[in-house]
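Me: Can we go through this model together? I'd like to begin with the ligand.

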Amino acid sequence: METYDVVVIGAGAAGMMCAIQAGRRGRRVALLEHAGVIGQKIRISGGGRCNFTNRGATPERYVSENPDFCRSALARYTAEDFVELVRAHGIAFHEKTLGQLFCDGSAQQIIDMLIEECRRARVTIALNCQVQTVKKADGFLIKTSAGDYAAESLVIATGGLSLPKTGATHFGYRIAEQFGLRVVPTSAALDAFVFSENDRRRFEELAGVSLPAAVTCHGARFEEGILFTHTGLSGPAALQASLYWQPGRKVSVDLLPSMSTDELRSWLAQKKTDGSGAKVETLLAERLPRRVVDRFCRLHNLTPRSLAQQPAAALESLCRGLKAWTFMPRGTAGYGTAEVTRGGVDTKALSSKTMECHTVPGLYFIGEVVDVTGWLGGYNFQWAWSSGWAAGQAV
Ligand SMILES: Cc1cc2nc3c(=O)[nH]c(=O)nc-3n(C[C@H](O)[C@H](O)[C@H](O)COP(=O)(O)OP(=O)(O)OC[C@H]3O[C@@H](n4cnc5c(N)ncnc54)[C@H](O)[C@@H]3O)c2cc1C
């Protein structure tokens, strides 16, 4: 039996941050990881460059049944605090867009930094360690394939369900249930929409086309790129909107966010009367990919005639269709491709200051396993760092 002050299960972003903070406070910490390597999601994140935080990481950028829960941790360990750590390790980084910070080199630099900080904080890391059972007596008894551990505090940092090939498991949710905590239903998020069969047939010819657009779902609007795929709609704006999607909710896409519906109407009206005889497809192709123009013109029954000859009703229908194309997704692509899991351990069960369970003293949940999900763009790592830091001060 190995005895520690703190056992952290899951050596991902949140678990490592928590272990480092607790170790720096002089706590004896064991970090248990079932995979053979550390931080697999960090390694593949941000296209291999890790979008490690976002300078605008405010509570409004997160989705949870309790939107205020993340407030305290985000305020106490901010994006700038993490940037300071990155700078201290001499890691070069850049701001891409919208406050998103990426490594200039590779995501491995962030993993190496965290491993080095674990070493300095004297954290014991056990890889290939399968946790078999967790029991609570005075403290916690954790039986694993690598022997038994006893600890006063137990931190669950096993992340969500997305990308099972990176080591994602239900473990954290099962531990929550074992201790009588509610788990907010989980679903794949930051994920591509899958079209209904009808829409798939309608739009499959657009596969591979990308364009700037604004996607709205359940009142949340995102103006970024979209990408038509063979099965649905992807790209950053669609992924962001998926965070607000549930079965039965519609998705609305503005394919021309740079102009209002009235501006589009008057632009076409002015071209209609200027006597140039231009076709509507040719005009719209100045502002939209040609394949999108063709598809939407056919969808709204425009015939290949000059703009002047188009019936007013068809033109109006096209304007509305381009500005508010609405579809009902069949679903999202699923955990195999989703960046995150929405839902998770109910925040009502946890202290927002320490992440400790109200009903099970000594048991903590941090990172993605908790019902706090951020937008695309570095917000999810910031939640992992902030919640890991908060628990690390308390364990
Ligand atoms: C492809 C992809 C790209 C992403 N890019 C970004 C990005 O650029 N920026 C951003 O902010 N977010 C990004 N994310 C989201 C981000 O990776 C996660 O939100 C974040 O890693 C969550 O941190 P975590 O520590 O809670 O969980 P994880 O980082 O998933 O860590 C959980 C750890 O627990 C381990 N584990 C699981 N079950 C067990 C068990 N039973 N026993 C022991 N160990 C276990 C896992 O192997 C893993 O090491 C991306 C996600 C994906 C899938």
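Reply: Sure, one term to start: a polar contact is a pair of N or O atoms within 3.5 Å; within protein, one must be able to donate a hydrogen and the other to accept it, and residues adjacent in sequence count only if both atoms are side-chain atoms. This is a predicted model, where local features need pLDDT of at least 70, side-chain atom pairs count only at pLDDT 80 or more, and totals for chains, interfaces and linings use all residues. Residues are numbered from 1 along each chain as its sequence is written, and side-chain values use heavy atoms, with hydrogens and water left out.

Me: OK, what is 3.4 Å from an oxygen atom of the ligand?

Reply: A polar backbone atom of Asn380. There's also a ligand nitrogen 2.9 Å from a polar backbone atom of Asn51, and a ligand nitrogen 3.5 Å from an N or O atom in the Glu339 side chain.

Me: How much of the ligand's accessible area does the protein cover?

Reply: 93% of the 990 Å² that the ligand has on its own. Those areas come from the Shrake-Rupley method with a 1.4 Å probe; for residues, only the protein chains shown count as cover.

Me: Which helix gives the most to the shell around the ligand?

Reply: H13, with four residues. H1 (13–24), H2 (40–44) and H13 (379–394) each supply at least two. Helices here are DSSP runs of H or I, at least four residues, and strands are runs of E, at least two, numbered from the N terminus.

Me: Switching topic: where is Cys50?

Reply: In the loop between H2 and strand S3 (51–54). Its phi is near 50°, a positive value in a residue other than glycine.

Me: And is Cys50 buried or exposed?

Reply: Buried, because Cys50 has 0% relative accessibility. The cut-offs are under 20% relative accessible area for buried, over 50% for exposed, and partly exposed in between (1.4 Å probe, protein chains only).

Me: What about Gly275, buried or exposed?

Reply: Gly275 is exposed, at 66% relative accessible area. That glycine is in the loop between H9 and H10.

Me: Last one, which residues of H12 are buried?

Reply: Ala314, Leu315, Leu318, Cys319, Gly321, Leu322 and Lys323. They pack against strands S16 (251–254) and S17 (325–327), plus helices H9 (261–273), H10 (280–284) and H11 (290–299), where contact means heavy atoms within 4.5 Å.
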